[in-house]
Amino acid sequence: MSLNTNQLLKKQKKTILELWMKNQLADEGLREDLISNDELRSQSEELIEALVGNLSSQNVNDLNSDEWSPVIEILGGIAITRARQGFSPRETGNFVFSLKEALLEVLKREITDPQELFKEVLKISRILDNLTVVTFETFIKGREEVILRQTDEIAEISTPVIRVWDGILALPIIGTLDSARTQIVMENLLQEIVDTGSSIAILDISGVPAVDSLVAQHLIKTVSATRLMGAECIISGIRPEIAQTVVHLGIDLSNIITKSTLASALAYAFRVMRLEVKKAAATTNTIR
Amino acid sequence: MILSLSKDTVTVAQEQDVVFLKNRVKEVAVRIKMGLVNQTRLITAASELVRNMMRYANGGKCLIEVVSSGRNNGVRLTFSDSGPGIPDITAAMRDGFSTGKSLGLGLPGTKRLVNEFDIKSKVGEGTIVTIIKWANG
């Protein structure tokens, strides 16, 4: 970047900002519902300030140089907030692209020699393209954070412990059981056993797509831990194909009480607790 | 002779990829009309191998192929990693043998779940496990 252009851009800061704001406001992707115009203006102003302030003849080609870090920091901050606010990638990209247009417009006005103009445009393009890449990288990182947070949330909410009867707990497991989830399941179950004073826990695995040796190991551990607490643990919801797979794998579940359905597990639990479920005798008051 | 009809590679690098891989394998198995029991066996086998890959080699690649031999269609999975390798394959294939505190049923169990099983490993270079499950086998 020649010294002239640097100074020129510094002098034209106001014009650039005005042009840029005009571009952004004219864009049909403008999201007034997500960001107010004032806020947009202050964001833009901050970025131009940093960008123009840090332009020098040496750092055009090397975006890793320290002089760029304030610009990248500001841009990264903007991109990550936008990802969280729900801007689309196109809308976020346009933020930088419209700045490029404004800068080029100013250069066109001020430099008359075509040779010189082309040289400077090329440099500005290179910088802005690099900044766009940075914007997208940060934007995607922001989105990934959102996804990770949701994954954590799913793990939290997908392990409810249900009290189906006085002294009987049921815990339906949906999805794949990995180490992290088993930990949550086990903690929730053991805590609930203490809180409710239950003596029987039913682990229902109808919603587990496949039981491999690791899942089986986790189940065995959960059952052992429950037994240590003085409660009995029944595993229900073993489907025919799961039963065959477990046998072929050579996993020994014979020490564990297993049932094919939650209903039969509950029936077993009733028997153990010496409870009887009876059909009520017909009385004269029965509503017909 | 075994012909490969379609190919698809899945890279496994983190926990979430495991579920993705299992879903892909299931899709392919459903496409060639594999029965539910065989599907479950294949998915369980894939799950064992991919867990091994995650645990001992920090991830790797899985090639999913639809293969055909005569009138029989099947799914071939090739798991390759560049992990530490297995020094003693004979021991690793024995029930109850584990270097990592697991049940030690992963490899021998997988072999029982599928129709064809092949394992190659070089210490320091990595491990390649190939399995085939026929649609009605």
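**Entry 1: the contact between chains A and B**

I looked up the contact first and found that it takes 18 residues from chain A and 20 residues from chain B; two residues are in contact if their C-beta atoms, placed from the backbone, lie within 7 Å. The model is predicted, so I note that local features need pLDDT of at least 70 and side-chain atom pairs count only at pLDDT 80 or more, while totals for chains, interfaces and linings use all residues. Residues are numbered from 1 along each chain as its sequence is written, and chains are lettered from A and ligands numbered from 1 in the order in which they are written.

On the side of chain A that touches chain B, the elements giving two or more residues are α8 (213-228) and α9 (240-249) of chain A. With 6 residues, α9(A) gives the most to that side. Helices (H or I, at least four residues) and strands (E, at least two) are DSSP runs, numbered from the N terminus.

I then sorted this side of chain A by residue class and obtained 8 nonpolar, 7 polar and 3 charged. Ala, Val, Leu, Ile, Met, Phe, Trp, Tyr, Cys and Pro count as nonpolar, Asp, Glu, Lys and Arg as charged, and the others, Gly among them, as polar.

**Entry 2: chain B**

I recorded 4 helices and 5 strands in chain B, in the sequence pattern β-α-α-β-β-α-α-β-β. Of the 137 residues in chain B, 37% are buried (20 or more other C-beta atoms lie within 10 Å of the residue's own, C-beta atoms being placed from the backbone). Among contacts in chain B with a separation of 6 or more, residues 24 or more positions apart account for 65%.

**Entry 3: α2(B) and α4(B)**

I examined helix α2 (residues 36-57) and helix α4 (residues 106-113) of chain B, whose axes come within 9 Å and cross at roughly 155 degrees. Axes are lines fitted to C-alpha atoms, for helices over the stretch in contact, and angles run from 0 to 180 degrees between N-to-C directions. The two helices are therefore roughly antiparallel to each other (angles over 145 degrees).

The residues in this contact include B:R41 and B:E48 of α2(B) and B:G109 and B:L113 of α4(B). I find 3 nonpolar, 5 polar and 2 charged residues in the contact of α2(B) with α4(B).

Terms used:
Angles under 35 degrees count as roughly parallel, over 145 as roughly antiparallel, 65 to 115 as roughly perpendicular and the rest as oblique. A residue is buried if 20 or more other C-beta atoms lie within 10 Å of its own, exposed if 12 or fewer, and partly exposed in between; C-beta atoms are placed from the backbone.
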